[in-house]
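Work through the exercises below with the sequence and the 3D structure open. Try each task before reading its solution.

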Amino acid sequence: MDRNFALELVRVTEAAAIASARLMGRGDEKAADQAAVDAMRKALNDIDIDGTVVIGEGERDEAPMLFIGERVGKGDSCPKIDIALDPLEGTTICARGGTNALSVIAIAEENGFLHAPDTYMQKIAVGPVGRGMIDIRESPTTNLKEMAKAKKCSVSDLTVVILDRPRHHDIIQEVRSAGARIMLITDGDVSAAISTCHPRSGVDMLLGIGGAPEGVLAAAALQCMGGDIQGILKPRNDEEIERAKKMGMRDIRRVLTIDDLSHGRVMFCATGVTDGTLLNGVRFLGDGAITHSIVMRSETGTVREITARHNFTKKRGL
């Protein structure tokens, strides 16, 4: 893939982040998400790609735009790529004015992403130090001990991010009993997974059950940053099991490695909507805005942070 796509991706997530950030704290999740979707789709259609959305807002009957299977970009004569996206990762966060809301997109060559159904996935993610050391089939205690061994520290020095959900009661109790620290979050486990690769974030591991599409997005970022993630689908009913099988998942219970979720040449980009451990949120200046983004490529391992100042008097689409 052309490395110049990386800069094009930044423009896409910047547009979605600015659009949704205008509705931060307004209490309207649907409006914030729709603003991000509209802006992201418009920006994608200005790029010289023949893109197919494989991780998106849902199936066609559930999402009018950026649905799974939708074609975006300028068309047939352009490079074919698969796209995984979440125009607003953390809709509730944005609506409440919380932390760690992002606009996220990843691209890969055809068939580079798992076609994950919109169901739950049990996940474990770590940064580069822990790559190859985790096993989702083992207990949180065992994985924490392996991580501590890899980092040459004690378990009590580790911090684990877990979504604050009733379903995670037992995991939370075990992590506490093991002696590790916990950061409970309300939403946004893509940001949390990426944070395991940033020493300044203070995050060492992600544990728990979240969305399967978000697992694919996290895997794309971790491929670029040298981290690791494993997942197991956790469908909630027979309908979700059948949907997964139709999308090619024959063994629902098998462990999905990082290479199962995302492989080949991958690019990933995220722009902060609200302030977080990974990125700063959008700052409005009256005549413009400041955005903070991260963009990365698996081919080179290059990770760039981009701070951009946007002039609304010249860029009227924002």
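The exercises cover salt bridges first and strand pairing afterwards.

The model is predicted, so local features need pLDDT of at least 70 and side-chain atom pairs count only at pLDDT 80 or more, while totals for chains, interfaces and linings use all residues. Residues are numbered from 1 along each chain as its sequence is written, and side-chain values use heavy atoms, with hydrogens and water left out.

**Exercise 1**

Find the salt bridge between glutamate 305 and arginine 200, and state where each residue lies.

Solution. Step 1: a salt bridge is a side-chain nitrogen of Lys or Arg within 4 Å of a carboxyl oxygen of Asp or Glu. Side chains of opposite charge can pair when their charged atoms come close.

Step 2: the N to O distance between glutamate 305 and arginine 200 is 3.1 Å, which is a salt bridge.

Step 3: glutamate 305 belongs to strand 13 (residues 303–311), and arginine 200 to the loop between helix 6 (189–195) and strand 8 (205–211). The two are 105 residues apart, and the pair links distant parts of the chain. Helices (H or I, at least four residues) and strands (E, at least two) are DSSP runs, numbered from the N terminus.

Step 4: glutamate 305 is partly exposed at 39% relative accessible area, and arginine 200 is exposed at 55%. Buried means under 20% relative accessible area, exposed over 50%, and partly exposed in between (1.4 Å probe, protein chains only).

**Exercise 2**

Is glutamate 240 buried or exposed? Describe its salt bridge with arginine 236 as well.

Solution. Step 1: the closest N and O atoms of glutamate 240 and arginine 236 are 2.6 Å apart.

Step 2: glutamate 240 has a relative accessible area of 8%, so this residue is buried. Arginine 236, at 47%, is partly exposed.

**Exercise 3**

Which residues are linked in a network of salt bridges with Arg265?

Solution. Step 1: start from arginine 265 and glutamate 299, which form a salt bridge with closest N and O atoms 3.8 Å apart. Arginine 265 sits in the loop between helix 9 (258–261) and strand 10 (266–272), and glutamate 299 in the loop between strand 12 (288–297) and strand 13.

Step 2: extend the search to the network, which links Glu109, Arg265, Arg297 and Glu299. The whole structure holds 18 salt bridges.

**Exercise 4**

Describe how strand 1 (residues 50–55) is paired and enclosed.

Solution. Step 1: two strands pair if DSSP finds at least two bridges between them.

Step 2: strand 1 runs parallel to strand 3 (residues 80–89), and five bridges join them. Here glycine 51 stands opposite isoleucine 81.

Step 3: strand 1 also pairs with strand 2 (residues 71–72), in the antiparallel sense, over two bridges. Threonine 52 has arginine 71 as its bridge partner.

Step 4: five of the six residues of strand 1 are buried, so the strand is largely enclosed by the rest of the structure.

**Exercise 5**

In what order do the five strands of the open sheet with mixed pairing stand?

Solution. Step 1: the order is 7-6-8-5-9.

Step 2: strand 7 (181–185) and strand 9 (228–234) are at the edges with a single partner strand each, so one side of each has no neighbour in the sheet.

Step 3: strand 6 (residues 159–163) pairs with strand 7 in the parallel sense over five bridges. Within this pair, valine 160 has isoleucine 182 as its bridge partner.
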